[in-house]
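Dear colleague,

I am passing on the structure we spoke about, and below it you will find my notes on what turned up. Please read them with the sequence and the coordinates open beside you.

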Amino acid sequence: MAAAKRIGILTSGGDCAGLNAVIRAVAHRAIDGYGWRVIGIRNGTAGLLARPAEYEEVTLDVFGGNALRMGGTILGTTNKGDPFAYPMPDGRILDRSQEVIDGYRELGLDALIGIGGDGSFRILRRLAGQGGISLVGIPKTIDNDLDLTEVSIGHQTAVATATEALDHLQPTAASHSRVMVLEVMGRDAGHIALTAGIAGGADIILVPEIPYRLDSVADKIERLKRHGRNFALVVVSEAVKTEEGEQLVTVHIGGKPTYGGIGHYIGDRIAEATGAETRVTVLGHVQRGGTPGARDRLLASAFRVHAVDLIAAGRFDRMVGWRNRDVIDVPLAEAIERPQVIDPAGPLVRTARGLGICLGD
Ligand code: F6P
């Protein structure tokens, strides 16, 4: 059994609700349970690139008792700056992976817990392989696209936020006889749209996994009108393409493009086809911040305890996960082999169809 005494922890990729709850739980399990020291690395792998490496020791009182309730990550994170293809200020792309590994060594760590999504795990696994780092992964992503776990930290709070947005949109839609389009995040997986759409009473849900036709969408709105409904709620996932197959993106000055724009496209097409007055809400990063819901706090705590126990047992290159009401662990390599996307024949799609929700096909 590996007797790790000093373990590192970093948050990587886009933030989400529940990350501080994870950091808190590791502190309890590692410090209280095993008598280890916990080193919190700042800003993901960026903290290991800095010289000296940027970190702070995580102690039991670091949060003042508030960690469970806090959104974001006290350690900071980044979803850019892949150390294997690092963009330098002068435009060159350099492999700086060895510097990250040297930073890890500088901290004298015995093992590393990475809290990330598929992109982060790909990078961390490569670093671990190259540098002999003992790595355990904890899944977090509002998109819920990591495979082999039913759910990742952050997803359920994002779904609750999107559901609440629909709760807020419905009364104003009904008051003004409007079609309200809500664009939600999710990258290439439509889990947030489908789950929040069902929970929030959407009439139409468009996800990247199910191709849609605009005339089906317009038909649904006409049918609602014929049945006396004066409003409609439409949820569209950000990666849905235009009917012609174009992927719409938002270009950020000085940053990488992200998905965005499909909400306005769908809203305009609905207005043209049906004459309905249409408004569009792009929910954006509201889905990432905020207070973690009860389920994300629970997952964070359970995952972290299990991850620390994996280190104690000397079982590395594994990701913890949730399946059948239990915490499990799986090979990290298998979890990132393919994304978990919506099964068009799966239970939630069947539920949506059973409720008469139009999925655009
Ligand atoms: O992967 C999480 C996520 O929030 C996606 O849903 C979204 O497309 C993306 O990150 C946004 O990235 P950024 O924080 O760079 O705008």
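Arg-288 has a polar side-chain atom that lies 2.8 Å from an oxygen atom of the ligand, and I should say at once that this distance, like everything else here, comes from a predicted model. The protein covers 83% of the 400 Å² of accessible area that the ligand has on its own.

Two other contacts of this kind deserve a look when you turn to the ligand. In the side chain of Glu-238, an N or O atom is 2.6 Å from a ligand oxygen atom, while Gly-186 takes part through its backbone, with an N or O atom 3.2 Å from an oxygen atom of the ligand.

As for the surroundings, the space that the ligand takes up is the largest pocket. The residues around the ligand include Asn-79, Ile-142, Asp-143, Met-185 and Arg-187, and also Lys-256, Thr-258 and His-285, besides the three residues already described. Sorted by character, this shell consists of 5 charged, 4 polar and 2 nonpolar residues.

Finally, a word on the cysteines, in case you plan to look at them. The structure holds 0 disulfides. Cys-16 counts as buried because its relative accessibility is 0%, and Cys-358, with a relative accessible area of 11%, is buried as well, since the cut-off for that term is under 20%.

With best wishes

Note on methods. Residues are numbered from 1 along each chain as its sequence is written. This is a predicted model: local features need pLDDT of at least 70, side-chain atom pairs count only at pLDDT 80 or more; totals for chains, interfaces and linings use all residues. Side-chain values use heavy atoms; hydrogens and water are left out. A residue is near a molecule or strand if one of its heavy atoms lies within 4 Å of it. A polar contact is a pair of N or O atoms within 3.5 Å; within protein, one must be able to donate a hydrogen and the other to accept it, and residues adjacent in sequence count only if both atoms are side-chain atoms. Accessible areas come from the Shrake-Rupley method with a 1.4 Å probe; for residues, only the protein chains shown count as cover. On a 1 Å grid over the protein atoms alone, a cavity is a set of points where a 1.4 Å probe fits but cannot get out, and a pocket is an open set with protein on both sides within 12 Å along at least five of seven lines; lining residues have an atom within 4 Å of a point. A molecule sits in a cavity or pocket if more than half of its atoms lie within 2 Å of its grid points. Ala, Val, Leu, Ile, Met, Phe, Trp, Tyr, Cys and Pro count as nonpolar, Asp, Glu, Lys and Arg as charged, and the others, Gly among them, as polar. A disulfide is a pair of cysteine sulfur atoms within 2.5 Å. Buried means under 20% relative accessible area, exposed over 50%, partly exposed in between (1.4 Å probe, protein chains only).
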